[in-house]
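Work through these exercises with the structure open beside you. Try each task before you read its solution.

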Amino acid sequence: MATGGEAEQPPAKLSGDSVESMRRIFITRPESREEDGQGGREEQPDGSGLCPGKAGEAGAVEGTLLSSPPPPKKAPHREHRRDAQRLVLHYIVPCMNAYGLCIVDHFLGHRMAERILQEVLALQLSGKFQDGALASQRAGSSKAIRGDEILWVEGSEPGCENIGYLLKRMDKLIMHADGKLGHYKIRGRHKAMVACYPGNGTGYVRHVDNPNGDGRCITCIYYLNKNWDSKLHGGILRIFPEGKSYVADVEPIFDRLLFFWSDRRNPHEVQPSYATRYAMTVWYFDAEERAEAKKKFRNLVDAGKTEAVLNED
């Protein structure tokens, strides 16, 4: 929701971009793929959803697309809706189907992106961020695998009005794309994960967001880093598309939106960051896979309870 009842800004324009020009932004053919391995480790972020519904974990914070903050008081123009549909149908969907990922630059415009950044900085100053955790939670291993600090937000909290507006805009794009991205039926998402790498050379080793069918189908990341120079600051998100001879190097530049498939098609890593690096990530759910994941979890819980009773006997 824009502050002060401000009307929605038009979506990022295509500006003559094509699927092929988007490819030229990020496709890299490294001289060596030795760095790909890193032990072949595939760790999951804290929001893995393997334990959906478990109290206190990210799996319990999912919402629905319709639960985003209400729109600004001024209704969006038909032109805005047409632009959003065009962006999805002629750019995002073809890019996802061709490469499994898509970049949209200048998504909200500098002024709105600046407001979102200021809200993120205020959240950081509040002291609520915590070290990013792993699903496996091996003692003492987290920092060596991921070095970010995170906070989960809905966008409806006090002081998060512009973050809520961003989430609403993401949701609208996904709703326009629903039914056109493979077989997925997208009906919900996680809260947003606000992440900060403090600039001390930490990153996140190669991993897959959803390796085990927890329901997440699309990863959506919004970047908030002004004057970012990857040669100096590092912090590139490197994606290793399955079965491809290239990698995708995505610089975390200000007001950039990134989509990619969440499953094993897109292992990825955050390379070491030498400046403070901010990003906001949302995972969208496929309804059928998410329901199945919850069913499996309930069965595991019930089996555990039964085993506990038998052990008592």
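The exercises below concern a predicted model.

**Exercise 1. Take stock of the chain.**
Task: Find how many helices and strands the protein chain has, and what share of its residues is buried.

Solution:
- Step 1. Go through the secondary structure. The protein chain holds seven helices and 13 strands.
- Step 2. Turn to burial. Of the 313 residues, 53% are buried.
- Step 3. Look at the surface. The accessible area is about 14500 Å², and carbon and sulfur atoms hold 51% of it.
- Step 4. Check the sequence range of the contacts. Take those with a separation of 6 or more; residues 24 or more positions apart account for 85% of them.

**Exercise 2. Map the nonpolar cores.**
Task: Identify which residues have the most contacts inside the largest nonpolar core, and which helix gives the most to this core.

Solution:
- Step 1. Define the set. The largest nonpolar core has 70 residues.
- Step 2. Rank by contacts inside the core. Ile92, Tyr222 and Phe259 have the most.
- Step 3. Assign the helix. Helix α2, residues 78-99, gives the most, with nine residues.
- Step 4. Look for another core. A second, separate one has five residues, including Trp152, Met193, Ala195 and Trp283.
- Step 5. Take Tyr222 and set aside residues up to four places away in sequence. Its contacts include Phe107, Leu108, Ala113 and Ile116. Further along the chain, Tyr222 also touches Asp255, Arg256 and Leu257, among others.

**Exercise 3. Test the cysteines.**
Task: Decide how many disulfides the structure has, and where the nearest cysteine sulfur to Cys102 lies.

Solution:
- Step 1. Recall the chemistry. A disulfide is a covalent bond between the sulfur atoms of two cysteines.
- Step 2. Search the whole structure. The result is zero disulfides.
- Step 3. Inspect Cys102. The nearest cysteine sulfur belongs to Cys95, at 3.8 Å. The cut-off for a disulfide is 2.5 Å, so this pair does not qualify.
- Step 4. Check burial. Cys102 is buried because its relative accessibility is 0%. Cys160 is also buried, at 1%.

**Exercise 4. Order a sheet.**
Task: Work out the strand order of the open five-stranded sheet, and which strands stand at its edges.

Solution:
- Step 1. Trace the pairing. The order is β1-β10-β9-β12-β7, and the pairing is antiparallel.
- Step 2. Find the edges. β1 (27-28) and β7 each have a single partner strand, so one side of each lacks a neighbour in the sheet.
- Step 3. Examine one pair. Three bridges join β9, residues 237-239, to β12. In one of the pairings, Leu237 has Val270 of β12 as its bridge partner.
- Step 4. Move to the loop between β9 and β10, where Tyr246 sits. Tyr246 is buried, because its relative accessibility is 6%.
- Step 5. Compare sequence and space for Tyr246 and Thr28. They are 218 residues apart in sequence, with C-alpha atoms 5.7 Å apart.

**Exercise 5. Compare two positive phi angles.**
Task: For His106 and Asp255, say which loop each one is in and whether each is buried or exposed.

Solution:
- Step 1. Recall the background. Most residues other than glycine have a negative phi.
- Step 2. Read the angles. His106 has a phi of about 55 degrees, and Asp255 has one of about 65 degrees.
- Step 3. Place them. His106 is in the loop between β2 (101-104) and α3 (110-125). Asp255 is in the loop between β10 (247-250) and β11 (256-261).
- Step 4. Apply the cut-offs. His106 is exposed because its relative accessible area is 63%, over 50%. Asp255 is buried because its value is 3%, under 20%.

**Exercise 6. Look into two buried loop positions.**
Task: Find what the side chain of Asp214 reaches, and which residues Ser273 contacts.

Solution:
- Step 1. Locate Asp214. It is in the loop between β7 (204-207) and β8 (216-223). Asp214 is buried, because its relative accessibility is 0%.
- Step 2. Follow its side chain. The side chain of Asp214 reaches the backbone nitrogen of Arg216 at 3.0 Å.
- Step 3. Locate Ser273. It is in the loop between β12 (268-270) and β13 (277-286). Ser273 is buried too, at 0% relative accessibility.
- Step 4. List the contacts of Ser273, leaving aside neighbours within four places in sequence. They are Tyr197, Gly199, Asn200, Gly201, Thr202, His233 and Gly235.
- Step 5. Take Gly235 from that list. Ser273 and Gly235 are 38 residues apart in sequence, and their C-alpha atoms are 4.2 Å apart.

Note on methods: Residues are numbered from 1 along each chain as its sequence is written. This is a predicted model: local features need pLDDT of at least 70, side-chain atom pairs count only at pLDDT 80 or more; totals for chains, interfaces and linings use all residues. Side-chain values use heavy atoms; hydrogens and water are left out. Helices (H or I, at least four residues) and strands (E, at least two) are DSSP runs, numbered from the N terminus. Buried means under 20% relative accessible area, exposed over 50%, partly exposed in between (1.4 Å probe, protein chains only). A polar contact is a pair of N or O atoms within 3.5 Å; within protein, one must be able to donate a hydrogen and the other to accept it, and residues adjacent in sequence count only if both atoms are side-chain atoms. Contact means heavy atoms within 4.5 Å. Accessible areas come from the Shrake-Rupley method with a 1.4 Å probe; for residues, only the protein chains shown count as cover. A nonpolar core is a set of buried Ala, Val, Leu, Ile, Met, Phe, Trp, Tyr and Cys residues joined through side-chain atoms within 4.5 Å. Two strands pair if DSSP finds at least two bridges between them.
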